[in-house]
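Here's a set of exercises to work through with the viewer open. Try each task yourself before reading its solution.

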Amino acid sequence: MLPSDACRESVETFNKLAERYAAKYFDLTQYDRYYAMLAERLPFGGSVIDVACGPGTVSAYLKRARPDLSVVGTDLAPRMIDEARQRVPGGVFHVSDCRDLEGFDSDAFEGAVFAFGLSYLTDLDAQRCFAALVRRLKSGAPLLLATITGPSASRYEQSSSGERVFMVYRTPDAVHALLQAAGFRIVFSELIASPENAALATTDLLVLAVRVATQAPSNVTCGAGEPCAVKSPASDNLEP
């Protein structure tokens, strides 16, 4: 049985380990080419929200690549926000729950990124998060999503030092379906191997989607109505 709020329990762990997490992952460059795909779609002087921003890894890239952007990061772990404020000059960071994003106006942002927070949300929480995000994005705004994939499963995972998080593994098709149901059109999707320094070897999914004015059609599409083919890594091992 799930705890009353599995997400908040995971947040407590990330809050405790914020400094260690930042030291390990902040300078990672493996995903920069995907961040660039988002950056090139944002208008000059636009505003972008980094949901579940952690220590500000993606926010830092966006501020370096596009100093004209207004970058706002949110995370429910206060110590992660402290790390982001120290590491990302020019960014604005708030303690905020991705499942409601309170404090932000409708149509406030021209773009969004949600990097590696989805796996800590149940399906219901994920639906809440995407619904909240859709309300804050302007029509046509791009969203870059990065998430761990695997055969459908949910379980607690524990570190060597005893901290635990609740993980939800989803197939690429399941992730696509969540985005689509929320009102996003997928324009790019690719599978890659996780970083060498990752605590657990997984396969990561990178998706670029666009917020549409009305709910997306039932079949996931890429581009002008063409079926979305997910690119796989050379070794497609989806075991978590």
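**Exercise 1. Place a histidine**

In which helix is His176 found? Work out its surroundings too.

*Solution.* Bear in mind that this is a predicted model.

Step 1: His176 belongs to helix 7, which covers residues 172-182.

Step 2: Check the accessibility. The cut-off for buried is under 20% relative accessible area, and His176 comes in at 2%, so it counts as buried.

Step 3: Look for a polar partner. The His176 side chain has a polar contact with the side chain of Ser189, at 2.9 Å.

Step 4: Widen the view to the helix. Pro172, Val175, Leu178, Leu179 and Gln180 are buried along with His176. The buried residues of helix 7 pack against helix 6 and strands 5, 8 and 9.

Step 5: Step off the end. Gly183, just after helix 7, has a positive phi of about 110°.

**Exercise 2. Take strand 5 apart**

How many of the residues of strand 5 are buried, and which strands pair with it?

*Solution.* Step 1: Strand 5 spans residues 142-149, and eight of its eight residues are buried, so the strand is largely enclosed by the rest of the structure.

Step 2: Split the side chains by direction. In a regular strand, side chains alternate between the two faces of the sheet. Here Pro142, Leu144, Ala146 and Ile148 point one way, while Leu143, Leu145, Thr147 and Thr149 point the other way; all are buried.

Step 3: Find the parallel neighbour. Strand 4 (residues 111-115) runs parallel to strand 5 and is joined to it by four bridges. One spot to click on is Val113, whose bridge partner in strand 5 is Leu144.

Step 4: Trace the connection. From strand 4 the chain goes through helix 6 (residues 123-136) to strand 5, a right-handed β-α-β crossover.

Step 5: Find the antiparallel neighbour. Strand 9 (residues 203-211) pairs with strand 5 in the antiparallel sense, over eight bridges. Thr149 stands opposite Thr203 there.

**Exercise 3. Look just ahead of the strand**

Is Ala141 buried or exposed, and which residues does it contact?

*Solution.* Step 1: Ala141 sits in the loop between helix 6 and strand 5.

Step 2: Its relative accessible area is 3%, so Ala141 is buried.

Step 3: Setting aside neighbours within four places in sequence, Ala141 is in contact with Phe109, Glu110, Gly111, Ala209, Val210 and Arg211.

Step 4: Pick Val210 from that list. It is 69 residues from Ala141 along the chain, yet their C-alpha atoms are separated by 5.6 Å.

**Exercise 4. Chase the rings**

How many aromatic pairs are there, and which phenylalanines do ring pairs link into a cluster?

*Solution.* Step 1: The count is eight aromatic pairs.

Step 2: Start from Phe114 and Phe130. Their ring centres are 6.1 Å apart with 80° between the planes, an edge-to-face pair. Phe114 is in strand 4 and Phe130 in helix 6, so this pair ties together parts 16 residues apart in sequence.

Step 3: Move on from Phe130 to Phe184. With centres 6.3 Å apart and planes at 70°, these rings are edge-to-face too, because planes over 60 degrees apart qualify. Phe184 lies in strand 8 (residues 184-193) and Phe130 in helix 6, so this link joins parts 54 residues apart in sequence.

Step 4: Put it together. Ring pairs make a cluster of Phe114, Phe130 and Phe184. Phe114 and Phe130 are buried, and Phe184 is buried as well.

**Exercise 5. Arginines over rings**

Which residue lies over the face of Tyr156, and which has its charged end over the ring of Phe26?

*Solution.* Step 1: For Tyr156 the answer is Arg164, at 3.6 Å from the ring centre.

Step 2: For Phe26 it's Arg87, whose charged end is 5.0 Å from the ring centre.

**Exercise 6. Another crossover**

Through which helix does the chain cross from strand 2 to strand 3?

*Solution.* Step 1: Strand 2 (residues 70-75) and strand 3 (residues 92-95) pair in the parallel sense, with four bridges. Gly73 stands opposite Phe93 of strand 3.

Step 2: The chain passes from strand 2 through helix 5 (residues 78-87) to strand 3, and this β-α-β crossover is right-handed.

Note on methods: Residues numbered from 1 in each chain as written. Heavy atoms only, no water. Helix = DSSP H or I, 4+ residues; strand = E, 2+ residues; numbered from the N terminus. Buried < 20%, exposed > 50% of the residue type's maximum accessible area, 1.4 Å probe, protein only. Polar contact = N/O pair within 3.5 Å; in protein donor to acceptor, adjacent residues only side chain to side chain. Pairing = 2+ DSSP bridges. Right-handed = clockwise from strand over helix to strand, strands pointing away. Phe/Tyr/Trp six-rings, centres within 6.5 Å; stacked < 30°, edge-to-face > 60°. Lys NZ or Arg CZ within 6 Å of the ring centre and 35° of its normal. Contact = heavy atoms within 4.5 Å.
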